[in-house]
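Hi,

Here is the structure I promised to pass on. Have a look at it first, and my notes on what turned up are underneath.

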Amino acid sequence: MDALVLMKRTGNLLNEMEDLTKQIAESIDRNDRVSMEMLVAMREEPLGKLHEADRILREQLADMPDREGAAQLAAMLNGAAPSQEGDLPKMLCEQVNQNKRRLEQVVAMNQRINQKVAGSAQQ
């Protein structure tokens, strides 16, 4: 259950990162350097919270006394199919996959932003 809560929190943080990243792209398109710098600074908070959630999850996995259960949970957190029957493992795997897709979208947007910024810096 703790892993699912952390994955949902991670999903919310990734949504926030996506929104801020879109706003950064829009500010670059408008050539609004002040807004861009402010948004980049604002994005540091959810990024820090993402790192913290990841740290907590890793600690929880390491502290689990059931090594087999920890290995199954780690596999699900890495995208494997649910290792157990029931709604909770299914919900966890769905959230993990949703987070993965959202992270890939944010990374792709960042790459496009970096290319725009690098291209305008060369001109």
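Let me start with the first two helices. Helix α1 covers residues 2-29 and helix α2 covers residues 33-63, and the two pack with their axes 9 Å apart at an angle of about 165°. Anything over 145 degrees counts as roughly antiparallel, so that is how α1 and α2 run relative to each other. The crossing of α1 past α2 is left-handed. As for what sits in the contact of α1 with α2, you'll find 19 nonpolar residues, along with 6 polar and 4 charged ones.

Before you zoom in any further, bear in mind that this is a predicted model. The average pLDDT for the chain is 92, and 97% of the residues come in at 70 or higher, that is, they score at least 70. Going element by element, α1 has the highest mean pLDDT, at 95, while the lowest, 90, belongs to helix α3 (residues 67-77). As a general caution, predicted coordinates shouldn't be read in detail where pLDDT is low.

Now the pockets. The largest pocket has a volume of about 740 Å³. It is lined by 27 residues, and if you want to find its centre on screen, Met7, Thr10, Leu50, Asp54 and Leu103 are the closest to it. Helices α1, α2, α3 and α4 (87-122) each put at least two residues into this lining, with α2 giving the most, 11 residues. By class, the lining of the largest pocket is made up of 16 nonpolar, 6 polar and 5 charged residues.

The second largest pocket comes in at about 310 Å³. Which residues lie nearest its centre? Those are Met1, Ala3, Met64, Leu73 and Leu92, out of 17 that line the second largest pocket. Here too, α1, α2, α3 and α4 are the elements that give two or more residues to the lining. The largest share of this second lining is from α3, with 4 residues. Sorted by class, the lining of the second largest pocket has 11 nonpolar residues, 5 polar and 1 charged.

That's what I have for now. Shout if anything is unclear.

Cheers

Terms used:
Residues are numbered from 1 along each chain as its sequence is written. This is a predicted model: local features need pLDDT of at least 70, side-chain atom pairs count only at pLDDT 80 or more; totals for chains, interfaces and linings use all residues. Side-chain values use heavy atoms; hydrogens and water are left out. Axes are lines fitted to C-alpha atoms, for helices over the stretch in contact, and angles run from 0 to 180 degrees between N-to-C directions. Angles under 35 degrees count as roughly parallel, over 145 as roughly antiparallel, 65 to 115 as roughly perpendicular and the rest as oblique. A crossing is left-handed if the near helix is turned anticlockwise from the far one by less than a right angle, and right-handed if clockwise. Ala, Val, Leu, Ile, Met, Phe, Trp, Tyr, Cys and Pro count as nonpolar, Asp, Glu, Lys and Arg as charged, and the others, Gly among them, as polar. pLDDT is the predictor's confidence in each residue, from 0 to 100. On a 1 Å grid over the protein atoms alone, a cavity is a set of points where a 1.4 Å probe fits but cannot get out, and a pocket is an open set with protein on both sides within 12 Å along at least five of seven lines; lining residues have an atom within 4 Å of a point. Grid points are joined across faces, edges and corners, and a volume is the space filled by probe spheres set on the points.
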